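The exercises below ask you to work through a chain element by element, with the sequence and the coordinates side by side. Try each task on the structure before reading the solution that follows.

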Amino acid sequence: LTHAQKRTEQELRALASDHKETRRILGGLSMTVGYGLENQAYQALPTLLKRDFNLVVQQRLIRTYVQDKKGRELEVNIFGKAVKDGKDVTIIGESKSHLSQKEVDAFIRKRLKCFDGVFPDIFPVLITHMISSPDVEAYARKHNIALYYSYDF
């Protein structure tokens, strides 16, 4: 019985180690998918934003770190400067492969509110492959967030 318990414990340790490695690999794949989606967005968004919001992007959109109102350097997946109706705006965006209402709330809390007051006028954008439920798109738009799907590109 003792021998069997030791063997079970060894197998559990090996399983835990394998699980940790699987999570690391999946995390890397998730990042790769996200970066791919963002890379497509950098090319397509200037045209889409001009068409849909009369927003003229002034420079290429980039992935970068931006200092928030507390002085922290936060990663911003989609960042750029634009002009809308003669007024300067800052584009702040994020991509999610499968966008949910919870992720819209997190974007508002972790990105938009952090930069409130840092930039005079923020134009928020979310990019996704798919939404998690039919009400997510309306929820994003209710919060004045532009939403684009990968197939819009």
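**Exercise 1.** Find the residue in S3 that stands opposite valine 66, and establish how S2 and S3 run and how many bridges join these strands.

*Solution.* In this predicted model, valine 66 stands opposite leucine 74 in S3. Extending the view from that pair to the two strands, one finds that S2 and S3 run antiparallel and are joined by 5 bridges. The hairpin that S2 and S3 form has 5 residues between the strands, and in this hairpin glycine 71 takes a positive phi near 85 degrees.

**Exercise 2.** Determine which residues stand opposite lysine 84 of S3, looking towards S1 and then towards S4.

*Solution.* Begin with strand S1, residues 55–57, which is joined to S3 by 3 bridges and runs antiparallel to S3; here leucine 55 stands opposite lysine 84. Turn next to S4, which pairs with S3 in the antiparallel sense over 7 bridges, and where lysine 87 is the residue opposite lysine 84. Finally, follow the chain through the hairpin of S3 and S4, which has 2 residues between the strands and in which aspartate 85 takes a positive phi near 55 degrees.

**Exercise 3.** Describe the geometry of H2, locate its kink, and list its buried residues together with what covers them.

*Solution.* Helix H2 spans residues 101–115, and the distance from its first C-alpha to its last is 21 Å, close to the 21 Å expected for its 15 residues at 1.5 Å a residue. The axis nevertheless has a kink of about 30 degrees, centred on isoleucine 108. Isoleucine 108 is also one of the buried residues of H2, the others being Val104, Ala106, Phe107, Arg111, Leu112, Cys114 and Phe115. The elements that cover these buried residues include strands S2, S3, S4 and S5 as well as helix H3 (136–142). Just after H2, glycine 117 takes a positive phi of about 95 degrees.

**Exercise 4.** Decide whether phenylalanine 119 is buried or exposed, and identify which residues phenylalanine 119 touches beyond four places away in sequence.

*Solution.* Phenylalanine 119 lies in the loop between H2 and S5. Its relative accessible area is 12%, and because buried means under 20%, phenylalanine 119 counts as buried. Leaving out residues up to four places away in sequence, phenylalanine 119 touches Val66, Phe79, Lys81, Thr90 and Ile92; Val66 is the residue that stands opposite leucine 74 in Exercise 1. As a last step, compare positions along the chain with positions in space: phenylalanine 119 and isoleucine 91 are 28 residues apart in sequence, while their C-alpha atoms are separated by 9.7 Å.

Definitions and conventions: Residues are numbered from 1 along each chain as its sequence is written. This is a predicted model: local features need pLDDT of at least 70, side-chain atom pairs count only at pLDDT 80 or more; totals for chains, interfaces and linings use all residues. Side-chain values use heavy atoms; hydrogens and water are left out. Helices (H or I, at least four residues) and strands (E, at least two) are DSSP runs, numbered from the N terminus. The expected span of a helix is 1.5 Å times one less than its number of residues. The bend at a residue is the angle between axes fitted to the seven residues ending there and the seven starting there. Buried means under 20% relative accessible area, exposed over 50%, partly exposed in between (1.4 Å probe, protein chains only). Contact means heavy atoms within 4.5 Å. Two strands pair if DSSP finds at least two bridges between them.
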